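Reader: Could you take me through one part of this structure in some detail? I would like to start from a single side chain and then see what surrounds it in the fold.

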Amino acid sequence: MSDRGTRGVGVLDIATISLADRWIDDVLPRFAAMIDASRSGPVRKHLLLASDAPDPQAREAERRRVEARLAGLFDRVVARPMPAVRAGARLLAFDMLRAGLVADLGLPAVLYLDPDTDVVEDLAEVATLAPQAELLWAANPLPLAPVVA
């Protein structure tokens, strides 16, 4: 969940997943602001953009458009194709994206939060939970006190 910078300050990597839909204008800006307001230490915010674009070039163009619209809100936007799943199993596709999140972002670990999660406590406390864990799953909404305890 953290890495050590040159000054020994831990950085908490926080990631979420979204489609390039209405959430780009509505939910993601609120989510990024909530992260900024709920931290006492440095964080990096990552967005995995789940794309229905048919080819890598179209996905990259979509990623650039989304990144421009969210300028300053996320440190990085990575586009991945939406996994193919049977009809009516959309949540399974997002589960598949979450399962590959650490590798897709090229990070040793992240704190994953759903974009519509309400964080009500300081996110800095999460970094002390289980630094060896690859991924920490968070429910919506999640008071962090029970998780930290």
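Here is the part I have in mind: is arginine 98 buried or exposed, and what is its relative accessible area?

Author: Happy to. This is a predicted model, in which local features need pLDDT of at least 70 and side-chain atom pairs count only at pLDDT 80 or more, while totals for chains, interfaces and linings use all residues. Residues are numbered from 1 along each chain as its sequence is written, and side-chain values use heavy atoms, with hydrogens and water left out.

Arginine 98 is buried, and its relative accessible area is 12% (buried means under 20%, exposed over 50% and partly exposed in between, with a 1.4 Å probe and protein chains only). Its side chain takes part in a salt bridge with aspartate 114, where the closest N and O atoms are 3.7 Å apart (a side-chain nitrogen of Lys or Arg within 4 Å of a carboxyl oxygen of Asp or Glu). This pair links distant parts of the chain, 16 residues apart: arginine 98 sits in helix α3 (residues 90–99), and aspartate 114 in the loop between β5 (110–112) and β6 (135–136). Helices (H or I, at least four residues) and strands (E, at least two) are DSSP runs, numbered from the N terminus.

Helix α3 also brings us to the largest pocket, as it gives the most to that lining, with four residues. Here a pocket is an open set of points on a 1 Å grid over the protein atoms alone, where a 1.4 Å probe fits, with protein on both sides within 12 Å along at least five of seven lines; lining residues have an atom within 4 Å of a point. The volume of the largest pocket is about 240 Å³, taken as the space filled by probe spheres set on the points. Thirteen is the size of its lining in residues, and those nearest the centre are Ile17, Ser18, Trp23, Phe94 and Pro115. Two elements, β2 and α3, give two or more residues to this lining. By class, the lining has seven nonpolar, five charged and one polar residue (Ala, Val, Leu, Ile, Met, Phe, Trp, Tyr, Cys and Pro count as nonpolar, Asp, Glu, Lys and Arg as charged, the others, Gly among them, as polar).

Serine 18 is worth a stop on the way. Serine 18 belongs to strand β2 and counts as buried at 2% relative accessibility. Leaving out residues up to four places away in sequence, serine 18 touches Trp23, Leu28, Leu47, Leu48, Leu49 and Ala50 (contact means heavy atoms within 4.5 Å).

Leu47 leads on to the largest nonpolar core. That core has 18 residues, and Ile14, Phe31, Ile35, Leu47, Leu70 and Phe74 are those with the most contacts inside it (a nonpolar core is a set of buried Ala, Val, Leu, Ile, Met, Phe, Trp, Tyr and Cys residues joined through side-chain atoms within 4.5 Å). At least two residues each come from β2 (10–19), α1 (27–37), β3 (43–51) and β4 (76–81), and α1 provides the largest share, five residues. A second, separate core has 16 residues, including Val78, Met82, Val102 and Tyr112. Back in the largest core, leucine 70 touches Ile24, Leu28, Pro29 and Leu47, again not counting residues up to four places away in sequence.

The salt bridge of arginine 98 has company too, since the count comes to nine. One of them joins lysine 45 and aspartate 36, with 2.9 Å between the closest N and O atoms. Lysine 45 is buried at 6% relative accessible area, whereas aspartate 36 is partly exposed at 34%. Another joins arginine 63 and glutamate 60, whose closest N and O atoms are 2.5 Å apart. These two are about one helical turn apart because they lie three residues from each other in helix α2 (residues 56–69). Arginine 63 is buried at 14%, and glutamate 60 is partly exposed at 30%. Both belong to a salt-bridge network with Arg64 and Glu67.

Stepping back, the chain has five helices and six strands, in the order β-β-α-β-α-β-α-α-β-β-α from the N terminus on. Of its 149 residues, 42% are buried, arginine 98 being one of them. Among contacts between residues at least 6 apart in sequence, 68% join residues at least 24 apart.
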